[in-house]
Amino acid sequence: MNDVFYKEDTIDLLGRIVNIPSPSGYTKTIIKFIGEYLSDLGIDYKKTNKGAIIATFIGEDNESHRLLTAHVDTLGAMVKEVKSNGRLKLAMVGGFNWNAVEGEYCTIHTASGKKIRGTILMHETSVHVYAKAGEIKRDEKHIEVRIDEKVKNSEDIRNIGINVGDFVSFDPRFEVTESGFIKSRHLDDKASTTLLLQLMKYIKVNNIKLPYTTHFYISNNEEIGYGGNSNIPEQVVEYIAVDMGAIGDGQATDEYTVSICAKDSSGPYHYDLTRHLVNLAEQHKIDYKLDIYPYYGSDASAAIRAGFDVKHALFGPGIESSHAYERTHIDSLKATAQLLYVYVTSAMVKED
Ligand SMILES: [Zn+2]
């Protein structure tokens, strides 16, 4: 089973994916990239009206289906206000703390398609001017974008094509260390997206017939709560969200194993399906952690909320410092890739 995970290939693809900006609401370029990736492999897919991708592999059993989803949208921002001081006020897209982006390089995507560079800073950053700079609250009032253009006022800004409503993406700063860590923004959930793409490639290249018809859904609105809650074929019985495991005090999840979620803010995941995942991990000696995420919802819980009658579960790689300077280890990606493979080739959960 070791061959389901190609380390170099996975890291290379992940690096390409995190470097394509895709804040929720501005995912056309990344979806096009993924579409081309699938087409090159000869995998058919459909695009939803919301802009997501669904690729379907017909299985031995075409009556009961499975669906696995990962989301490719990320945190980001939008220009809220063009300020008279020649800087920009931001509105958040998705949930994060302002201090998690302070000092970050960013790109402003104008309506005409220009990409203008900038830096996200506190207005009162210079310690040579603002005595209490360190104590001021990091919020939308004080955080602004310093634009790397000669702009002194709002008119200058508009003249270079920047306007309210333009998307702003944060630099990912993707780095792989010799010790096997992958540091980058947006590992949530581009790490899982990469693993799903690699799994599809593996199935296609090796001509594997899955036991059940299986849909792979690359969603593009998870960070704002409604990524995978539509376009679910009615034959779908099992619905798996492949998304990050949350790490912190009291959490079992770590950066070296696959994290299976028993419960998050939305409530418990489907008991039997979750047990099935745990049993598969045990059987195949895949390093895993079973955990509860305190402040968390997934596309699987969004699907349940939207009224779909499916068994839902959630697992994925452990991501340190989520929605900020994220990090995981290659071991966690490997364990997740292995659990994905043994799951899609396993028998469905049976009712007692
Ligand atoms: Zn996520």
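Trainee: In this structure, is Lys141 buried or exposed?
Mentor: The model is predicted, so what follows describes a computed arrangement of atoms. Lys141 has a relative accessible area of 60%, and the cut-off for the most accessible class is over 50%. Because its value passes that cut-off, Lys141 is exposed.

Trainee: Where along the chain does Lys141 lie, and how many Å separate it from Leu90 in space?
Mentor: Lys141 belongs to the loop that runs between strand S7 (115-122) and strand S8 (143-147). Although Lys141 and Leu90 are 51 residues apart in sequence, their C-alpha atoms are separated in space by 8.9 Å.

Trainee: Which class of accessibility does Ala313 fall into, buried or exposed?
Mentor: The place of Ala313 is in strand S18, which covers residues 311-319. Its relative accessible area is 0%, and a residue is placed in the least accessible class when the value is under 20%. Ala313 is therefore buried.

Trainee: How far apart in space are Ala313 and Lys201, and how far apart are Val176 and Phe96?
Mentor: Ala313 and Lys201 are 112 residues apart in sequence, and from C-alpha to C-alpha the distance in space is 23 Å. Val176 is in strand S10 (residues 175-176), and at 36% relative accessibility this residue counts as partly exposed. Val176 and Phe96 are 80 residues apart in sequence, with a C-alpha to C-alpha distance of 24 Å.

Trainee: Which residues coordinate the zinc ion?
Mentor: The donor atoms are one NE2 and three OD atoms, Asp243 being listed twice, and they sit at 1.9 to 2.6 Å from the zinc ion. Along the sequence, the donor residues follow the spacing H-x116-D-x54-D. Asp188 in helix H4 (residues 187-205) and Asp243 in the loop between strand S13 (236-242) and strand S14 (245-246) are 55 residues apart, and this pair links distant parts of the chain. The coordinating residues are His71, Asp188 and Asp243.

Trainee: Why is the arrangement of donor atoms around the zinc ion not counted as tetrahedral, and what is it called?
Mentor: For four donors to count as tetrahedral, all angles would have to lie between 85 and 135 degrees. Here the four donor atoms subtend angles of 51 to 138°, and the arrangement is therefore irregular.

Trainee: Are the donor residues Asp188 and Asp243 buried or exposed?
Mentor: Asp188 has a relative accessibility of 5%, and Asp243 has one of 3%. Because the cut-off for the least accessible class is under 20%, Asp188 and Asp243 both count as buried.

Trainee: What kind of peptide bond joins Asp188 and Asp189?
Mentor: Asp189, like the zinc donor Asp188, lies in helix H4. In general, most peptide bonds are trans. Between Asp188 and Asp189, omega is about 5°, and the bond is cis.

Trainee: What is the phi of Asn231, and what is that of Ser321?
Mentor: Most residues other than glycine have a negative phi. Asn231, in the loop between strand S12 (212-219) and S13, is not a glycine and yet has a positive phi of about 55°. Ser321, in the loop between S18 and strand S19 (327-329), is likewise not a glycine, and its positive phi is about 50°.

Trainee: What is the volume of the largest pocket?
Mentor: The lining of the largest pocket has 28 residues, and among them Met244, Tyr295, Tyr296, Ser322 and His323 lie nearest its centre. Helix H6 (residues 299-305) gives the most to this lining, with four residues. By class, the lining has nine nonpolar, 11 polar and eight charged residues. The volume of the largest pocket is about 610 Å³.

Trainee: How much space lies in the second largest pocket?
Mentor: Residues lining the second largest pocket include Gly42, Thr56, Phe57, Ile203 and Lys204, and strand S2 (53-57) and H4 each supply at least two residues of the lining. By class, this lining has five nonpolar, three polar and three charged residues. The space in the second largest pocket is about 200 Å³.

Trainee: How many disulfides does the structure hold?
Mentor: A disulfide is a covalent bond between the sulfur atoms of two cysteines. Cys106 counts as buried at 0% relative accessibility, and Cys261 also counts as buried at 0%. The number of disulfides in the structure is zero.

Note on methods. Residues are numbered from 1 along each chain as its sequence is written. This is a predicted model: local features need pLDDT of at least 70, side-chain atom pairs count only at pLDDT 80 or more; totals for chains, interfaces and linings use all residues. Side-chain values use heavy atoms; hydrogens and water are left out. A disulfide is a pair of cysteine sulfur atoms within 2.5 Å. Buried means under 20% relative accessible area, exposed over 50%, partly exposed in between (1.4 Å probe, protein chains only). Donors are N, O and S atoms within 2.8 Å of the metal (3.2 Å for Na, K and Ca); water is not among the atoms, so sites may look incomplete. Four donors count as tetrahedral if all angles lie between 85 and 135 degrees; four count as square planar and six as octahedral if opposite donors are over 155 degrees apart and all others between 65 and 115; anything else is irregular. On a 1 Å grid over the protein atoms alone, a cavity is a set of points where a 1.4 Å probe fits but cannot get out, and a pocket is an open set with protein on both sides within 12 Å along at least five of seven lines; lining residues have an atom within 4 Å of a point. Grid points are joined across faces, edges and corners, and a volume is the space filled by probe spheres set on the points. Ala, Val, Leu, Ile, Met, Phe, Trp, Tyr, Cys and Pro count as nonpolar, Asp, Glu, Lys and Arg as charged, and the others, Gly among them, as polar.
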